[in-house]
Amino acid sequence: MILALDVGNTNIVFGGIENSRTAFLTRINTDTHKTEDEYAVIFKTLIELNDHSSEKFSGAILSSVVPQLNTVLKKALEKFVPNTPLIVGQNIKTGLKIQIDNPVTLGSDLVVGAVAAIAQYPKPLIIIDMGTATTIVNVDKNSIYRGGVIVPGVKVAMESLTKNAAQLQDISLDAPSKTIGTNTADCLRSGVVFGNAAMIDGIIDRMKEEIDGEPTIIATGGLSRTIIPNCRHKIHIDDDLLIKGLEIIYNKNIDK
């Protein structure tokens with residue numbers, strides 16, 4: 001079994017996986033101020049809380065969009081993982097064919113998600129990842145990454161709105177019973193939930209005009225289960241997508 005970490009700007013998704021089966025999956029807040037020892041304690045505690053032992057793990061791999069944490073997390077994992085943890089980057093084999101203007105600028109999270117989706121779903125693909133940013137990307141019928149769309153994430157947009165509008169309070173993200181709200185809270189919920197769902201549907205419609213073939217659509221990320229059920233397209237929610245992609249990449253880079 002290996003440990004896989006998807007390090008985002010808001011959360012670190014942390015899980016154990018073996019033979020494409022996720023043993024456990026959890027998330028913690030991303031904190032650039034924590035030390036390697038603090039992260040090591042958190043990881044070991046989470047492993048034990050999920051009824052596992054750190055001795056079970058033969059290796060680790062992480063994908064990160066927070067470069068300043070890479071060394072800290074690697075050293076934290078080295079305290080209880082026997083082999084040197086891998087970090088998805090330019091020197092890591094992924095097997096993904098990329099055709100965008102500057103492939104080296106592609107975020108490692110997008111690479112990992114595409115690798116996992118190609119391995120599991122019929123192509124072409126549209127892959128939605130709902131985190132600090134919402135990304136919607138395309139992999140064509142030949143498994144080539146073609147590019148996509150980046151928009152502000154649900155919580156980022158909501159926090160900006162409530163911060164800059166004095167009469168709008170922070171609210172929960174439960175979907176209201178109807179689109180037309182009759183109070184401020186429901187108007188906000190409708191705008192955030194249904195507005196993001198409509199945006200995703202609209203982007204999918206526009207992408208489909210440029211894609212050869214009928215795409216399989218997959219969504220992942222912390223807010224996918226809040227927003228995606230309100231979309232009108234058929235979208236598969238896969239909470240483990242990036243963890244499974246990390247396992248695939250790990251296996252491509254170790255000596256067997």
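**A friendly note on this predicted model**

1. Let us start with Arg189. Leaving out residues up to four places away in sequence, Arg189 touches Ile171, Ser172, Asp174, Pro176 and Phe194, where contact means heavy atoms within 4.5 Å. Arg189 sits in helix 5 (residues 184-208); helices are DSSP runs of H or I with at least four residues, strands are E runs with at least two, and both are numbered from the N terminus. With a relative accessible area of 18%, Arg189 is buried. Buried means under 20% relative accessible area, exposed means over 50%, and partly exposed is in between, using a 1.4 Å probe and protein chains only.

2. A word on how to read the values. This is a predicted model, in which local features need pLDDT of at least 70 and side-chain atom pairs count only at pLDDT 80 or more, while totals for chains, interfaces and linings use all residues. Residues are numbered from 1 along each chain as its sequence is written, and side-chain values use heavy atoms, with hydrogens and water left out.

3. Next, look at helix 1 and helix 2. The axes of helix 1 (residues 36-49) and helix 2 (residues 70-78) come within 8 Å and cross at roughly 55°. That makes helix 1 oblique to helix 2. Angles under 35 degrees count as roughly parallel, over 145 as roughly antiparallel, 65 to 115 as roughly perpendicular, and the rest as oblique. The axes are lines fitted to C-alpha atoms, for helices over the stretch in contact, and the angles run from 0 to 180 degrees between N-to-C directions.

4. Which residues in helix 1 and helix 2 meet? From helix 1 come Glu36, Tyr39, Ala40 and Phe43, and from helix 2 come Val72, Leu73, Lys75, Ala76 and Leu77. By class, the residues of this contact divide into seven nonpolar, no polar and two charged. Here Ala, Val, Leu, Ile, Met, Phe, Trp, Tyr, Cys and Pro count as nonpolar, Asp, Glu, Lys and Arg as charged, and the others, Gly among them, as polar.

5. Now for the aromatic rings. The whole structure holds four aromatic pairs. In one of them, the rings of Phe14 and Phe43 have their centres 4.7 Å apart and their planes at 15°, so the pair is stacked. Phe14 belongs to strand 2 (residues 11-18) and Phe43 to helix 1, 29 residues apart, and the pair links distant parts of the chain. Rings of Phe, Tyr and Trp (its six-membered ring) pair if their centres lie within 6.5 Å, with planes under 30 degrees apart counted as stacked, over 60 as edge-to-face and the rest as tilted. Both Phe14 and Phe43 are buried. One aromatic cluster is formed by Phe14, Phe24, Tyr39, Phe43 and Phe57.

6. Try helix 3 (108-120) and helix 7 (residues 241-252) next. Their axes come within 7 Å and cross at roughly 85°. That makes helix 3 roughly perpendicular to helix 7. Among the helix 3 residues in the contact are Asp109, Val112 and Ala116, and helix 7 brings residues including Leu242, Leu246 and Ile249. This contact has ten nonpolar, three polar and two charged residues.

7. Is Ile243 of helix 7 buried or exposed? At 2% relative accessibility, Ile243 counts as buried. Not counting residues up to four places away in sequence, Ile243 touches Ala4, Val13, Gly15, Ile17 and Leu25. Ile243 and Asp6 are 237 residues apart in sequence, yet 7.1 Å apart in space, C-alpha to C-alpha.

8. Ser63 and Val65 make a good pair to look up. Ser63 is in strand 4 (residues 59-64) and is buried, with a relative accessible area of 1%. Beyond its neighbours within four places in sequence, Ser63 is in contact with residues including Leu5, Asp6, Val7, Asp109 and Leu246. Val65 lies in the loop between strand 4 and helix 2 and counts as partly exposed at 31% relative accessibility. Leaving aside neighbours within four places in sequence, Val65 is in contact with Val7, Gly8, Asn9 and Asp109.

9. Finally, some backbone details. The peptide bond from Lys123 to Pro124 is cis, with omega near 5°, and Pro124 is found in the loop between helix 3 and strand 7 (125-130). Ser20 has a phi near 65°, a positive value in a residue other than glycine. Ser143, also not a glycine, has a positive phi of about 65°. Ser143 is buried, with a relative accessible area of 17%.
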